[in-house]
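Colleague: I would like to learn how to read a structure like this one, feature by feature. Could we begin with the open spaces and then turn to the strands and the aromatic rings?

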Amino acid sequence: GAVLQFDGAAWRVLATSGTGQNLRGVWGDGAGRLLLAGWDGTVLRGAPAAGWRAEITSPALTSVWGPGDGTLYAVGGRGAVLRRTPQLGWTVLDAPPAQPLYGVFGASPAHVVAVGDTGTVLRFDGTSWRTEATGLLTLLRSVWAADASHYFIVGERGVILSSSGNGTWTPMVSGTTAFLPRVWGLSATEVFAVGDSGLV
């Protein structure tokens, strides 16, 4: 349940979030309001100065992303995919049966990708979710998009996949067999993956 804040110079531990659960995902709106997601379906919304309130408690969620228009997508256990809108709150979306999902990111509300166990990749086109084949059975943990034509996925055994947004995922040579749990970038040509033992 720990929440830390970076002020540009140093990290500090904030007041208690009110939960003892392992928090795995965080997303902010740029105005100080945050959404935290974690084990056993823990979802907290609030701000460091204002405190936190729980919104939903099931299923277990592991990652959250939003395009900046007030909409949020969250994924987690049992292949759960949820969406929050300012008008309707949280709703469970109709998505193909899937393994547990651990990462979600999008280039826009019509280009969202979720990844998870045994090579699972789901893509949302703004209307419906569909499964995309990777040819892998490895654990996929994180996805990042520079734009609708440049997606990157990372996972176990040094796996890195790229896609131009056409539904085809191509393995890239990572030069490592380490577990890569996170990927993020500044552009389609400046992308970073991090892994075990301080690997970058």
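Modeller: Let us start with the largest pocket, where β3, β7 (61-65), β11 (101-108), β15 (140-147) and β19 (182-187) each supply at least two residues of the lining. Please keep in mind throughout that this is a predicted model.

Colleague: How does one find such a space, and which residues lie nearest the centre of the largest pocket?

Modeller: The general idea is that rolling a probe the size of a water molecule over the atoms shows where empty space is left. In this model the largest pocket holds about 410 Å³ of space, and among its 19 lining residues V26, S63, V64, S142 and R182 lie nearest the centre. By character, the lining of this pocket divides into 11 nonpolar, 5 polar and 3 charged residues.

Colleague: What lines the second largest pocket?

Modeller: The second largest pocket, with about 300 Å³ of space, is lined by 15 residues, of which V3, L4, V26, L34 and L36 lie nearest its centre. Two or more lining residues come from each of β1 (4-6), β3 and β4, and β3 gives the most, with 4 residues. The lining of the second largest pocket comprises 11 nonpolar residues, 3 polar and 1 charged. V26 is thus listed among the residues nearest the centre of the largest pocket and also among those nearest the centre of the second largest pocket.

Colleague: How should I read the strands around V26, and what stands opposite V26 in β4?

Modeller: As a general idea, in a regular strand the side chains alternate between the two faces of the sheet. Here strand β3 (residues 23-28) pairs with β4 in the antiparallel sense over 5 bridges, and L36 is the residue of β4 opposite V26. The hairpin of β3 and β4 has 5 residues between the strands, and within this hairpin G30 takes a positive phi near 85°.

Colleague: Which strand pairs with β4 over 4 bridges, and why is β4 described as largely enclosed?

Modeller: That partner is strand β5 (residues 43-47), again in the antiparallel sense, with G46 of β5 as the bridge partner of L34. The hairpin of β4 and β5 has 4 residues between the strands, and there D40 takes a positive phi near 55°. As for the enclosure, 4 of the 5 residues of strand β4 (residues 34-38) are buried, so the strand is largely enclosed by the rest of the structure.

Colleague: How many aromatic pairs does the structure hold, and how is one of them read?

Modeller: The structure holds 9 aromatic pairs. One of them joins Y73 and F124 in a tilted arrangement, 5.8 Å centre to centre with 55° between the planes. This pair links distant parts of the chain, since Y73 lies in strand β8 (residues 72-76) and F124 in strand β13 (residues 121-124), 51 residues apart. Y73 counts as buried because its relative accessibility is 3%, and F124 is likewise buried, with a relative accessible area of 3%.

Colleague: What is the arrangement of W144 and F152?

Modeller: W144 and F152 form a stacked pair, 6.5 Å centre to centre and with 25° between the planes; W144 is buried at 6% relative accessible area, and F152 is buried at 10%. One aromatic cluster takes in W27, W65, Y73, F105, F124, W129, W144 and F152.

Colleague: Where do the charged ends of R123 and R141 sit?

Modeller: The charged end of R123 sits over the ring of Y151, 5.0 Å from its centre, whereas that of R141 sits over the ring of Y102, 3.6 Å from its centre.

Notes. Residues are numbered from 1 along each chain as its sequence is written. This is a predicted model: local features need pLDDT of at least 70, side-chain atom pairs count only at pLDDT 80 or more; totals for chains, interfaces and linings use all residues. Side-chain values use heavy atoms; hydrogens and water are left out. Buried means under 20% relative accessible area, exposed over 50%, partly exposed in between (1.4 Å probe, protein chains only). Two strands pair if DSSP finds at least two bridges between them. Rings of Phe, Tyr and Trp (its six-membered ring) pair if their centres lie within 6.5 Å; planes under 30 degrees apart count as stacked, over 60 as edge-to-face and the rest as tilted. A charge sits over a ring if NZ of Lys or CZ of Arg is within 6 Å of the ring centre and within 35 degrees of the ring normal. On a 1 Å grid over the protein atoms alone, a cavity is a set of points where a 1.4 Å probe fits but cannot get out, and a pocket is an open set with protein on both sides within 12 Å along at least five of seven lines; lining residues have an atom within 4 Å of a point. Grid points are joined across faces, edges and corners, and a volume is the space filled by probe spheres set on the points. Ala, Val, Leu, Ile, Met, Phe, Trp, Tyr, Cys and Pro count as nonpolar, Asp, Glu, Lys and Arg as charged, and the others, Gly among them, as polar.
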